[in-house]
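Today I looked up how helices from separate chains pack together. My notes follow.

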Amino acid sequence: MTIQEIRDYLSRYFDTVELVGNAEEPITGPAKIETAVKGQVSFIANEKYIRYLGLTGASLVIVNRSLPLDEFSHRTSFIKVRDPYTAFVFLLQKFAKPRTVTAEGIAATAVIGRDVSIGDGVSIGNYAVIGDRCSIGSNTVIGDHSVLLHDVSIGCNSVFFPGVICYNGTVFGDRVVIHSGSVIGSDGFGFAPQADGSYVKIPQMGIVEIGDDVEIGANTTIDRATMGSTVISNGAKIDNLVQVAHNCRIGDHTVIAAQAGISGSVTIGKQCMIGGQAGFAGHLELADRIQVAAKAGISKSFLQPGAVLRGVPAQIMRDQLKQEATLRGMGAMKEKIDRLEAELKELKQRS
Amino acid sequence: MTIQEIRDYLSRYFDTVELVGNAEEPITGPAKIETAVKGQVSFIANEKYIRYLGLTGASLVIVNRSLPLDEFSHRTSFIKVRDPYTAFVFLLQKFAKPRTVTAEGIAATAVIGRDVSIGDGVSIGNYAVIGDRCSIGSNTVIGDHSVLLHDVSIGCNSVFFPGVICYNGTVFGDRVVIHSGSVIGSDGFGFAPQADGSYVKIPQMGIVEIGDDVEIGANTTIDRATMGSTVISNGAKIDNLVQVAHNCRIGDHTVIAAQAGISGSVTIGKQCMIGGQAGFAGHLELADRIQVAAKAGISKSFLQPGAVLRGVPAQIMRDQLKQEATLRGMGAMKEKIDRLEAELKELKQRS
Amino acid sequence: MTIQEIRDYLSRYFDTVELVGNAEEPITGPAKIETAVKGQVSFIANEKYIRYLGLTGASLVIVNRSLPLDEFSHRTSFIKVRDPYTAFVFLLQKFAKPRTVTAEGIAATAVIGRDVSIGDGVSIGNYAVIGDRCSIGSNTVIGDHSVLLHDVSIGCNSVFFPGVICYNGTVFGDRVVIHSGSVIGSDGFGFAPQADGSYVKIPQMGIVEIGDDVEIGANTTIDRATMGSTVISNGAKIDNLVQVAHNCRIGDHTVIAAQAGISGSVTIGKQCMIGGQAGFAGHLELADRIQVAAKAGISKSFLQPGAVLRGVPAQIMRDQLKQEATLRGMGAMKEKIDRLEAELKELKQRS
């Protein structure tokens with residue numbers, strides 16, 4: 001791929017793509033600016049990396065249109081766009097080799113139940129088990145050892161990596177990606193306490209519904225609803241080892257980082273960002289575009305869109321930072337009190 | 001099922017079950033009070049939901065004997081019991097369709113080791129692997145892809161969902177439920193530090209023992225003991241993604257919420273409730289009926305039964321709430337100190 | 001095995017192994033000092049267990065050379081070494097029965113891809129799937145149901161317990177142990193935000209590289225790098241349910257306890273100890289031999305070797321303990337301020 005071809009490829013995504021340098025030079029792949037060598041393309045999205053421009057071996061660097069970098073143009077070619085980070089992501093997609101999750105077609109060892117509907121171009125891996133009445137949309141790939149219990153429905157162009165387990169009735173949209181070891185639709189954690197201290201299990205009769213363009217990481221668990229549905233809406237992205245309890249609703253394009261835990265019946269709005277190891281008490285609600293810091297403990301609803309939350313129990317970040325600052329100033333406060341006490345004592349003796 | 005039949009069914013569990021309304025009306029299933037329609041049964045266990053009584057479409061509502069609800073009896077039928085929540089749970093059990101974890105019988109693709117004992121009515125799923133000398137009690141179901149290494153013993157009427165892995169020697173009681181992806185009996189995390197900074201692995205020679213009526217969620221890990229047993233006692237309920245380290249002992253009917261982590265050699269009493277993402281340092285003990293708040297960090301033993309713990313490091317909740325309140329009052333405290341300082345200065349100048 | 005044979009065995013590891021007692025007595029196995037009976041060997045590494053010496057039934061106790069224990073030598077035999085804990089670990093290894101992860105040889109049901117290289121003495125379990133061009137070194141054991149996608153390379157003498165999943169291209173050294181349910185090489189969590197609130201997936205083109213003598217617990221997830229490698233260096237030990245994100249580098253002999261979470265591009269030095277449920281923000285660095293307390297939240301780099309970190313956000317432990325102490329003293333501080341205020345008021349009235 002030449003630099004000119006890269007420019008043309010990026011023109012599909014950006015209105016203005018300016019090329020400075022040698023259009024004919026071949027580019028073999030992407031690399032980080034610190035490690036790139038001749039023939040590779042890199043990018044700078046953050047000004048603090050500009051210092052690498054005099055050092056990098058990259059033949060091409062994707063940069064922001066507004067950066068004045070022409071002093072380096074004798075060393076390397078540039079492509080200037082509005083959003084060099086996203087441009088580089090598109091280039092990564094271009095250079096990424098297609099990944100083989102499992103061989104094409106339906107493995108001889110896959111167990112397919114009764115009344116299963118399988119679209120064109122579907123691949124099902126070794127030892128996968130597809131329950132009765134499941135439906136798998138066209139071009140979807142089910143990895144080795146994945147298990148769908150009965151009545152699971154998956155849309156088109158989705159990828160289940162090996163070892164995903166879906167309980168009965170789970171519904172997935174199109175272009176969904178589920179990583180290995182995740183369990184979708186396991187029973188919600190519901191038990192009714194009895195007078196003798198024991199518990200009676202509350203049947204978990206609902207399902208999990210997952211929208212389009214959702215990606216779920218490895219070893220994450222999403223529990224089915226007690227009644228109704230646990231819902232992961234379109235475009236949501238969930239990292240590894242996350243817990244989503246029964247009856248939660250996660251809004252469109254909300255992102256949840258690793259090891260976060262969402263208790264039962266929590267509703268999270270659209271385009272929220274939930275930090276790693278954050279935790280939510282049950283039955284609360286977050287508005288749209290709320291950001292939750294890593295390790296925060298959300299103990300009540302926050303209904304103001306765009307709020308930034310932090311701490312345990314979580315507060316609006318401004319308040320929480322003020323409290324942290326006061327905390328850091330407590331040593332000084334203690335000294336001041338001791339000094340006031342001494343002065344007062346002296347004053348009393350004098351008077 | 002008619003309302004009369006529901007009344008009769010609940011009479012098996014409660015001494016007094018009073019019916020107000022149309023005994024002959026058929027009921028097709030359960031629903032939440034907010035969404036129930038004609039033909040459905042719902043319940044009210046919390047007074048704040050009484051407001052839905054004028055709105056719900058439910059044909060039958062299970063309520064507390066003591067609630068004066070007769071003004072609504074022209075809209076809907078009532079069944080009055082001492083504990084409407086538990087009554088509704090029993091109804092959910094009645095209406096829940098039987099779930100097929102795997103087909104009846106032993107799948108042709110299951111691998112059964114030597115000297116395995118299998119009770120009547122056992123089902124073993126596709127590609128399950130049962131090691132030598134395992135024992136599986138009557139009516140137990142082992143889901144697809146579950147793996148029992150050698151010498152695992154499981155009681156009667158238990159359900160292992162697909163993809164459960166048990167290391168050698170694990171012992172389970174009767175009526176146990178294990179959800180997908182959980183790993184029982186993996187090695188405890190024990191390494192002896194050497195002078196050169198490296199570690200020598202400490203062989204983990206013990207086992208895991210799990211009592212009757214235990215339920216374990218998805219992707220939870222319970223490590224085998226170094227010597228002896230890690231013990232999960234009768235009736236304990238453990239949620240998803242929980243870590244129970246080697247040599248722990250979890251008491252009868254103790255409940256542990258998702259992502260909690262119990263370090264090695266911790267002993268937790270009976271009927272405790274451990275919140276989500278709580279963590280325990282090693283080698284400590286909790287008395288019976290202790291409640292640990294979500295995200296708490298237990299750093300020492302608490303031996304007073306029924307204590308409520310909260311915070312990091314965890315304290316008795318009363319103390320911890322007081323500390324949180326003082327923390328919130330620190331801004332005011334700082335202002336007061338500054339005012340005292342100014343007054344003192346003025347006083348000194350005067351004197 | 002006689003006590004004399006135990007002495008001889010330990011002499012392989014320690015320069016000085018002193019035996020006090022009956023060299024001919026047979027020893028059948030190890031046990032804890034509290035529960036040991038006649039014929040068993042136990043150890044005391046901590047002075048607070050010396051009180052068990054008058055009670056234990058153990059026939060042999062491994063003790064520190066420096067402890068004056070001869071008053072008990074009529075009850076039990078002793079072996080005295082420099083490091084009784086490590087000596088006992090070596091004895092555990094001696095007494096541990098060999099564990100059968102899977103039957104010897106390559107199971108008939110294992111699926112082996114094209115151009116796979118398999119060393120001498122390799123065992124591959126039931127239903128395991130080995131992708132094209134994988135390489136498995138001699139004497140390595142791949143448990144039942146483990147899946148290696150294409151181009152995975154594993155060294156010699158390693159053990160993969162059942163149900164481990166490795167994505168394509170993962171590289172493992174020699175003597176590696178991976179416990180069940182762990183997922184190695186899953187996609188890093190990288191998405192480029194778009195103007196409309198949606199995300200474009202950033203292809204995760206790198207791999208995971210794992211060194212020699214690494215042990216990884218159950219249900220842990222280690223993500224592949226975006227470009228380059230996520231690296232777990234020689235001798236590192238990682239517990240259950242740990243998250244290691246893309247592009248992290250974990251140093252030699254670093255130990256990470258359960259449920260810790262390491263965000264993307266974090267570099268941790270050698271011989272660090274990371275506590276359970278600790279969390280790391282992305283793109284930061286820890287020097288060698290740093291200790292991170294359980295539940296700490298590391299929000300910036302710490303470059304001083306050997307530092308001890310604690311709290312959220314984490315601070316050097318000394319500072320953090322001081323802050324905790326001040327916090328505990330706040331009630332007293334408030335009382336003092338109120339008293340000063342009263343005295344000042346009185347003084348003003350007088351003057």
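I began with which residues touch between H4(A) and H4(B). Met333(A), Lys336(A), Ile337(A), Leu340(A), Glu343(A), Leu344(A) and Leu347(A) face Lys334(B), Ile337(B), Leu340(B), Glu341(B), Leu344(B), Leu347(B) and Lys348(B). I counted a contact when C-beta atoms, placed from the backbone, lie within 7 Å. By class, this contact has nine nonpolar, no polar and five charged residues. Nonpolar means Ala, Val, Leu, Ile, Met, Phe, Trp, Tyr, Cys or Pro; charged means Asp, Glu, Lys or Arg; the others, Gly among them, are polar.

I noted that this is a predicted model, where local features need pLDDT of at least 70, side-chain atom pairs need 80 or more, and totals for chains, interfaces and linings use all residues. Residues are numbered from 1 along each chain as its sequence is written, and chains are lettered from A and ligands numbered from 1 in the order in which they are written.

Next I checked the geometry. H4 covers residues 330–350 in chain A and in chain B, and the two axes come within 11 Å and cross at roughly 30°. Helices here are DSSP runs (H or I, at least four residues), numbered from the N terminus. Axes are lines fitted to C-alpha atoms over the stretch in contact, and angles run from 0 to 180 degrees between N-to-C directions. H4(A) and H4(B) are therefore roughly parallel (angles under 35 degrees).

Last, I turned to chain C. H4(A) packs with H4(C) at about 30°, axes 11 Å apart. That makes H4(A) roughly parallel to H4(C).

Terms used. Helix = DSSP H or I, 4+ residues; strand = E, 2+ residues; numbered from the N terminus. Parallel < 35°, antiparallel > 145°, perpendicular 65-115°, else oblique. Contact = placed C-beta atoms within 7 Å.
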